[in-house]
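Q: I am new to this structure and would like a close look at a single part, the nonpolar core. Please describe how that part is put together, and then place it within the rest of the model.

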Amino acid sequence: RDISSYLESIGEDAPVEQPKKKVKTRDRIIELLRENPKHTTRTLAEEIGITPKGVERHLAILKSKGVLNRIGPDKGGEWQIIE
């Protein structure tokens, strides 16, 4: 803010910072599962930067909304994205 005030006082425009577009965690999970439907909660957690428990919570919400479906067993199965 001080730099903006200074630049304004000398008649120059302050650089406008563009806000970073935040990608929602659930959207990121879907994006990763499109790339590789065999992702595990652990690999998703590492990619996104949250805990595996957090990924499980998001997956449960996506399944309850009918966006995702699990095909096959926990080991060796894969995720299906329902359009």
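A: A good place to start is isoleucine 81, which, leaving out residues up to four places away in sequence, touches Ile30, Leu33, Arg34, Val67 and Leu68, where contact means heavy atoms within 4.5 Å. This is a predicted model, in which local features need pLDDT of at least 70 and side-chain atom pairs count only at pLDDT 80 or more, while totals for chains, interfaces and linings use all residues. Residues are numbered from 1 along each chain as its sequence is written, and side-chain values use heavy atoms, with hydrogens and water left out.

Isoleucine 81 lies in strand S2, and its C-alpha atom is separated by 7.8 Å from that of leucine 33, although the two residues are 48 residues apart along the chain. Helices (H or I, at least four residues) and strands (E, at least two) are DSSP runs, numbered from the N terminus. The protein has four helices and two strands, and along the sequence they follow the pattern α-α-α-α-β-β.

Isoleucine 81 also belongs to the largest nonpolar core, whose twelve residues are Ile29, Ile30, Leu32, Leu33, Leu44, Ala45, Val55, Leu59, Leu62, Leu68, Trp79 and Ile81. Two or more of these residues come from each of helix H2 (25-35), helix H3 (41-48), helix H4 (52-64) and strand S2 (78-81), and H2 gives the most, with four residues. A nonpolar core here is a set of buried Ala, Val, Leu, Ile, Met, Phe, Trp, Tyr and Cys residues joined through side-chain atoms within 4.5 Å; buried means under 20% relative accessible area, exposed over 50%, and partly exposed in between (1.4 Å probe, protein chains only). In soluble globular proteins, nonpolar side chains tend to be buried together.

Isoleucine 29, another member of this core, is in contact with Leu44, Ile48, His58, Leu59 and Leu62, leaving aside its neighbours within four places in sequence. One of these contacts, histidine 58, has its place in helix H4 and counts as buried because its relative accessibility is 11%. Not counting residues up to four places away in sequence, histidine 58 touches Thr25, Arg26, Ile29 and Ile50.

Two further residues show other degrees of exposure. Threonine 43, found in helix H3, has a relative accessible area of 27% and is therefore partly exposed; its C-alpha atom is 9.9 Å from that of leucine 32, eleven residues apart along the chain. Glutamate 83, in the segment after S2, counts as exposed because its relative accessibility is 79%, and it is 7.0 Å from valine 67, C-alpha to C-alpha, with their positions 16 residues apart in sequence counted as the separation.

For the protein as a whole, 20% of the 83 residues count as buried. Among the contacts with a separation of 6 or more, 34% are made by residues 24 or more positions apart.
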